[in-house]
Amino acid sequence: MNVYGLIGNPVGHSVSPPMHEAAYAELGMDASYVAFEPPVDELDAAIHGAKTLGIAGLNVTIPFKQDVMAYVEADPLAERIGAVNTIEFGGEGDPVGYNTDAVGITRSFEHHGVDLDGKKAVVVGAGGAGRAAAFALSDAGCEVHIANRTVDKAIDLGSQVPHASGGSLDTLESQLDEASILLNATSVGMESDETPVSKELLHDELTVLDAVYAPLETRLLREASEVGADTIDGAWMLLFQGVEAFEIWTDRDAPVDAMNRALREQLDG
Ligand code: NAP
């Protein structure tokens, strides 16, 4: 049996185990996915232990996404983003680290028939998800503007990403006018009815993806719908980062519909 898993702290409410287990059941695979919660100062033991025990692959979440880079050979995209959320074990050398949040974003737009090439995109947030979003959208051919509460982080990220700029949350007003993509990569709206972008700035030429997935319909997405914009909820990004990890680990096409059903059952419940 192949064992896959997730390391993070805390991982109690993770929806990844049922999503991946649904894929194994759908394809009749002899595999299992387990959530592990090592103490925050014992990442070294966790990674070496996983390798020694023959674990085939691990997802990585808060607070280990940056620190884990010391233990893996990061692929070029993960290296640029500065974070790894998927590890593939098994070879002779170091485990390989990927960032599937970035691919999760582009695959979410692709799935909804949105062509990113040549579009103007605005990313709100410059933390882990914001970095993945900015690189992913730039690589897909967008001109990217990053707006963040801590302005220096936005400007710094804007200088690292090709065809990008950064600024304060006040720059949203001028930047959103000509944008056709808006991506919320802040935690604003998570388990609350707050929004990072006021409704007056939204318009019907936008496709809005919210990385926040609890609730599934955030205030941002509700207000975007109200002005006639297209919306993509955060479960799609979560789904496609998992789909990408599954495909890296198994070299098989993921059963996307089965994974989506299992994920939405968890998030709706
Ligand atoms: P992070 O690294 O801690 O970054 C948090 C971001 O939110 C920063 O840009 C921060 O701004 C901003 N922020 C926090 N509170 C704010 C407020 N009150 N007003 C304005 N900005 C605020 O977190 P992360 O890992 O990027 O995650 C961000 C969100 O994305 C979380 O809700 C997470 O659950 C979600 N996410 C979803 C997926 C998915 O698959 N759907 C994947 C990854 C993350 P400062 O820089 O000024 O602090």
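Ala, Val, Leu, Ile, Met, Phe, Trp, Tyr, Cys and Pro count as nonpolar, Asp, Glu, Lys and Arg as charged, and the others, Gly among them, as polar. This is a predicted model, in which local features need pLDDT of at least 70, side-chain atom pairs count only at pLDDT 80 or more, and totals for chains, interfaces and linings use all residues. Residues are numbered from 1 along each chain as its sequence is written, and side-chain values use heavy atoms, with hydrogens and water left out.

**Exercise 1. Describe the largest pocket and its lining.**

Step 1. A pocket is found on a 1 Å grid over the protein atoms alone, as an open set of points where a 1.4 Å probe fits, with protein on both sides within 12 Å along at least five of seven lines; lining residues have an atom within 4 Å of a point.

Step 2. The volume of the largest pocket is about 1300 Å³, where a volume is the space filled by probe spheres set on the points, and points are joined across faces, edges and corners.

Step 3. Its lining holds 37 residues, and Thr 61, Ile 62, Met 190, Tyr 213 and Leu 238 lie nearest the centre. Two or more lining residues come from each of strand S3 (57-60), H5, H9 and helix H10 (256-268); helices (H or I, at least four residues) and strands (E, at least two) are DSSP runs, numbered from the N terminus. H9 gives the most, 4 residues.

Step 4. By class, 19 lining residues are nonpolar, 15 polar and 3 charged.

**Exercise 2. Place the ligand and list its polar contacts.**

Step 1. The ligand takes the space of the largest pocket; a molecule sits in a pocket if more than half of its atoms lie within 2 Å of the grid points.

Step 2. Around the ligand are 21 residues, the closest being Ala 129, Asn 148, Thr 150, Lys 153 and Ala 211. A residue counts as near if one of its heavy atoms lies within 4 Å. This shell divides into 10 nonpolar, 8 polar and 3 charged residues, and H9 supplies its largest share, 3 residues.

Step 3. A polar contact is a pair of N or O atoms within 3.5 Å. An oxygen atom of the ligand is 2.6 Å from a side-chain N or O atom of Lys 153. A backbone N or O atom of Ala 126 lies 3.0 Å from a ligand oxygen atom. A ligand nitrogen atom is 3.0 Å from a polar backbone atom of Gly 234.

Step 4. Taken alone, the ligand exposes 920 Å², and the protein buries 75% of that; these areas come from the Shrake-Rupley method with a 1.4 Å probe.

**Exercise 3. Which residues lie closest to the centre of the second largest pocket?**

Step 1. The second largest pocket has a volume of about 260 Å³.

Step 2. Of its 14 lining residues, Asn 148, Arg 149, Thr 186, Ser 187 and Val 188 are the closest to the centre.

Step 3. Its lining divides into 6 nonpolar, 6 polar and 2 charged residues.

**Exercise 4. Locate the cis peptide bonds at Pro 63 and Pro 215.**

Step 1. Ile 62 and Pro 63 are joined by a cis peptide bond with omega of about 10°. Pro 63 is in the loop between S3 and strand S4 (73-74).

Step 2. Ala 214 and Pro 215 are joined by a cis peptide bond with omega of about 5°. Pro 215 is in the loop between strand S11 (207-210) and helix H8 (219-226).

Technical notes. Polar contact = N/O pair within 3.5 Å; in protein donor to acceptor, adjacent residues only side chain to side chain.
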